[in-house]
Amino acid sequence: MPNHSEPKLIAGNANRPLAEAIAQRMTMHRGVHTGLVDARVERFNDGEIFVEVFENVRGEDMFVIQPTSNPANDNLMELLIMADALRRSSASRITAILPYFGYARQDRRTKARTPISAKLVANMMVEAGIERVLTMDLHAAQIQGFFDIPVDNLYASPIFALDIQAHFRGHMDDLIVISPDVGGVARARELAKRINSPLAIVDKRREKPGEVAEMTIIGDVRDKTCIIVDDMCDTAGTLCKAAAVLIENGAKEVHAYITHGVMSGPAAERVANSVMKSLVLTDTIQPAPAVIAARNIRIVPTAPIFAQAIHNIWDGTSVSSLFEHTTLAPIYESLYAVA
């Protein structure tokens, strides 16, 4: 039996549709209605954030759903202030559900006199009263070590594997998984193992920071359907260029599977005008209208896996079991046939 009375969900403004979808899935898993705790998260005229919780949370197991996506600073402050409000209201435990962990790209000092902002954010979250973190596809796995509290890092690759097996059924032998850089090889290898496909790498050479001067393909992609996999797509410039280079090297088609669709500036337009047949994003970040409208962008839901992970944390059962196909496939049965 769980150590806490009831799992209760509360959400900020960062991705309300995802929070509501997680609540609906929790209701399905438990057979008991699980809604979002009634609260208001508002701003004063000068931008200060104010939180008021209208329900009793004393002794409850609280799960705060709040990705720290754009605007990152506002959403981070909402998370911290909600956690403080719950702690001062005697919640039994506070778990932060961060589908997307902002500031993850600042996980080390790249130059002199620069911060490690991911560590600073971790310290702030712990100080605010957060006792556990649940996230997905951290930009760097070592960020888990920045916290002195438990961190559960879910992976999108099992979901992507289900989606690929459903959408490329009968053509799986034509697939090859592509890592867009050397640093992403481990992520690409994991997906390649799940779908039993070979692996290739795009080697990028930069003359200036942020500018890719040359791309070289390590591996044979001729007459293959390429699946680029990465954790994040920001402006989509490098992704679209990699897709073009793959086509130039004889690839038949290029598709991309990206966990976090940051999609800043002209990203959606770039993808829509690119050679990519499809870009698949998860909904860890609420998609902008331009992303939804793009002809070749598709969104896959993460609510099923987050809801089950929240249930397992509350119930004291394994979260890592969700990495396995046999556990995850039934959770996504309504979207993908169980193989």
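Hi everyone. Let me start with the second largest pocket: helix α2 and strand β13, residues 278-282, each supply at least two residues of its lining. Before going on, please keep in mind that this is a predicted model.

So what does this second largest pocket look like? About 440 Å³ of space lies in it. The lining is made up of 26 residues, and Ser69, Asn70, Tyr100, Val262 and Ile285 are the ones nearest the centre. By class, that lining splits into 14 nonpolar, 11 polar and 1 charged residues.

Now, on to α2 itself. How far should the 17 residues of helix α2 span? The helix runs over residues 72-88, and at 1.5 Å a residue the expected span is 24 Å; the C-alpha atoms at its ends are 24 Å apart, so the two agree. Just after α2 comes Ser90, which takes a positive phi of about 65 degrees.

Which residues of α2 are buried? They are Asn75, Leu76, Glu78, Leu79, Leu80, Met82, Ala83, Ala85 and Leu86. As a reminder, an α-helix has 3.6 residues a turn, so residues three or four places apart point the same way. As for partners, the buried residues of α2 pack against five strands and a helix that you can find on the screen: β1 (7-11), β2 (39-43), β3 (49-53), β4 (61-65) and β5 (93-98), together with α3 (117-127).

Next, the largest pocket. About 1300 Å³ of space lies there. Its lining counts 45 residues, with His139, Asp181, Arg187, Asp230 and Asp231 nearest the centre. Which elements supply at least two residues each? On the helix side they are α4 (157-167), α5 (185-195) and α6 (237-248), and on the strand side β9 (199-208), β11 (225-233) and β12 (253-261). The largest share, 5 residues, comes from β11. For those of you thinking about chemistry, the lining of this largest pocket has 18 nonpolar, 13 polar and 14 charged residues.

There is also an enclosed space to show you. The structure holds 1 cavity of 30 Å³ or more, and the volume of the largest cavity is about 30 Å³. Around the cavity sit Tyr100, Phe101, Ala104, Met136, Asp137, Leu138, His139, Met232 and His260. By class, these lining residues divide into 6 nonpolar, 2 polar and 1 charged. You may recognise two names here: Tyr100 is among the residues nearest the centre of the second largest pocket, while His139 is among those nearest the centre of the largest pocket.

Phe101 brings me to my last topic, the aromatic pairs. The count comes to 5 aromatic pairs. In one of them, the ring centres of Phe101 and Phe147 are 6.0 Å apart and the planes meet at 65 degrees; over 60 counts as edge-to-face, so that is what this pair is. The pair links distant parts of the chain, 46 residues apart: Phe101 is in the loop between β5 and α3, and Phe147 is in the loop between β6 (132-136) and β7 (151-154). Are these two rings buried or exposed? Phe101 is buried, with a relative accessible area of 4%, and Phe147 is buried too, at 7%. Tyr332 and Tyr336 form a stacked pair, with 6.3 Å from centre to centre and 25 degrees between the planes. Both Tyr332 and Tyr336 are buried.

That's my tour; thanks for listening!

How values were computed
Residues are numbered from 1 along each chain as its sequence is written. This is a predicted model: local features need pLDDT of at least 70, side-chain atom pairs count only at pLDDT 80 or more; totals for chains, interfaces and linings use all residues. Side-chain values use heavy atoms; hydrogens and water are left out. Helices (H or I, at least four residues) and strands (E, at least two) are DSSP runs, numbered from the N terminus. The expected span of a helix is 1.5 Å times one less than its number of residues. Buried means under 20% relative accessible area, exposed over 50%, partly exposed in between (1.4 Å probe, protein chains only). Contact means heavy atoms within 4.5 Å. On a 1 Å grid over the protein atoms alone, a cavity is a set of points where a 1.4 Å probe fits but cannot get out, and a pocket is an open set with protein on both sides within 12 Å along at least five of seven lines; lining residues have an atom within 4 Å of a point. Grid points are joined across faces, edges and corners, and a volume is the space filled by probe spheres set on the points. Ala, Val, Leu, Ile, Met, Phe, Trp, Tyr, Cys and Pro count as nonpolar, Asp, Glu, Lys and Arg as charged, and the others, Gly among them, as polar. Rings of Phe, Tyr and Trp (its six-membered ring) pair if their centres lie within 6.5 Å; planes under 30 degrees apart count as stacked, over 60 as edge-to-face and the rest as tilted.
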